[in-house]
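User: I am new to this structure and should like to be guided through some of its side-chain features. Please explain the reasoning behind each answer.

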Amino acid sequence: MNNKYALVTGGSRGIGRAISVQLASQGYCVLINYKSNEEEAQKTLEIITANGGTAELLPFDVADGAAVEKILSEWQASHEDEYIAVLVNNAGIRKDNLMFWMADEEWNSVLDTSLNGTFYTTRALVKYMMNKKFGRIINIVSISGVTGMAGQTNYSAAKAGVIGLTKALALESIKKRVTVNAVAPGFIETDMTKDLNQDELKKLVPAGRFGKAEEVAELVGFLASEKASYITGQVINISGGL
Ligand code: NDP
């Protein structure tokens, strides 16, 4: 079987689910990664199959470098003639606190998930993309990593780190037709933002509303396509003008 594969980390919920559904509609067999919420991951899978697409669950903790290496090398060994052509590094967590109260665990877990997680999955897959001379790496960052956000020194640092990784890796890989871009959402309606006061915060957004996960997914779908082959090393904000 000759499938085109895409891996979406954190594909069980929110933005990752919408991206998984989008990439499946573009003909990719989507590997839906998640950490622990199998029930929600299963729902993503069901939406994709109900739409006539294909997908598989591939749970692992992106922050666990050894687990990432083991699972992705086992996947590759059992798919000798195929490779993962699209990688969306979407898994992320928020643990907001002011710097002077921030615990080591709040700092480390946010950096381990977003920054180290992006490093582990990307290192495991970019060599196959370069070897096959086609690949798309799309890193979901945040406006918080572009401008900084009070109460989010950990999250802003993690996302800014991923932006640096994106720009440097883009220079390493473009000759092999592998593009690397970052997408920086503003406020998007998902579980991650459900504790925020949307009525107050939307006043800060020029568009006057929170964005939808599907709007982010459309952009990621374009960056994953052949049409986006001349875009690399960029950070594209999707924030209603924020
Ligand atoms: P959600 O909290 O809705 O979903 C988070 C997803 O990440 C879940 O699928 C979760 O899996 C997965 N995940 C978390 N930690 C790990 C881990 N260690 N290993 C594997 N998977 C993990 O988040 P959103 O959809 O809102 O956010 C998605 C991305 O977009 C994040 O990187 C976030 O920082 C970014 N973003 C979000 C914004 C927003 O307003 N929502 C704004 C800007 C950026 P499980 O279900 O198993 O827990």
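User: Where is Phe 100 found?

Analyst: The model is predicted. In this model, Phe 100 belongs to no helix or strand of its own but to a connecting segment, namely the loop between strand 4 (84-89) and helix 4 (104-132).

User: Is Phe 100 buried or exposed?

Analyst: A residue counts as exposed when its relative accessible area is over 50%. The relative accessibility of Phe 100 is 66%, so the residue counts as exposed.

User: Which residues form a nonpolar patch on the surface?

Analyst: Together, the members of this patch have about 400 Å² of accessible area. Two of them, Phe 100 and Trp 101, are both exposed. The patch is formed by Leu 98, Phe 100 and Trp 101.

User: How many aromatic pairs are there, and how are the rings of Phe 100 and Trp 101 arranged?

Analyst: The count comes to four aromatic pairs. In the pair of Phe 100 and Trp 101, the ring centres are 5.0 Å apart and the planes stand at 65 degrees. Planes over 60 degrees apart count as edge-to-face, so the arrangement of Phe 100 and Trp 101 is edge-to-face.

User: What is the arrangement of the rings of Phe 119 and Tyr 120?

Analyst: A pair of aromatic rings is described by the distance of the centres and the angle of the planes. For Phe 119 and Tyr 120, the centres lie 5.5 Å apart and the planes meet at 45 degrees, so the pair is tilted.

User: Which of these two residues, Phe 119 or Tyr 120, counts as buried?

Analyst: Phe 119 has 36% relative accessibility and counts as partly exposed. The cut-off for buried is under 20%. With 19% relative accessibility, the residue that counts as buried is Tyr 120.

User: Which residue lies over the face of Tyr 28?

Analyst: The distance from the ring centre of Tyr 28 is 4.3 Å. The residue lying over this face is Lys 4.

User: Which residues does Glu 40 touch, leaving aside those up to four places away in sequence?

Analyst: Glu 40 lies in helix 2 (residues 38-50). Its relative accessible area is 18%, so Glu 40 is buried. The residues that Glu 40 touches are Ser 12, Arg 13 and Arg 17.

User: How many salt bridges are there, and which residues are linked with Arg 13 in a network?

Analyst: The count comes to 12 salt bridges. Arg 13 belongs to a network of salt bridges, and the residues linked with Arg 13 there are Asp 191 and Lys 194.

User: With which residues does Arg 94 meet in a salt bridge?

Analyst: Arg 94 is partly exposed, with a relative accessible area of 24%. One salt bridge, at 3.0 Å from N to O, joins the side chain of Arg 94 to that of Asp 96. Another, at 3.2 Å, joins Arg 94 to Asp 195. The partners are therefore Asp 96 and Asp 195.

User: How many residues apart in sequence are the parts tied together by Arg 94 and Asp 195?

Analyst: Asp 195 counts as exposed, at 56% relative accessibility. Arg 94 lies in the loop between strand 4 and helix 4, whereas Asp 195 lies in the loop between strand 6 (178-185) and helix 7 (198-201), so the parts tied together are apart in sequence by 101 residues.

User: What distance separates the closest N and O atoms in the salt bridge of Glu 105 with Lys 95?

Analyst: Glu 105 lies in helix 4 and Lys 95 in the loop between strand 4 and helix 4, so the pair ties together parts 10 residues apart in sequence. Glu 105 is partly exposed at 46% relative accessibility, and Lys 95 is partly exposed at 28%. The closest N and O atoms are separated by 2.8 Å.

Notes
Residues numbered from 1 in each chain as written. Predicted model: local features only at pLDDT ≥ 70, side-chain atom pairs only at ≥ 80, totals over all residues. Heavy atoms only, no water. Phe/Tyr/Trp six-rings, centres within 6.5 Å; stacked < 30°, edge-to-face > 60°. Buried < 20%, exposed > 50% of the residue type's maximum accessible area, 1.4 Å probe, protein only. Lys NZ or Arg CZ within 6 Å of the ring centre and 35° of its normal. Helix = DSSP H or I, 4+ residues; strand = E, 2+ residues; numbered from the N terminus. Contact = heavy atoms within 4.5 Å. Patch = residues over 30% accessible without salt bridge, like charges linked within 9 Å, V, L, I, M, F, W, Y side chains within 5 Å. Areas by Shrake-Rupley, 256 points an atom, 1.4 Å probe, with all protein chains shown as cover. Salt bridge = Lys/Arg side-chain N within 4 Å of Asp/Glu carboxyl O.
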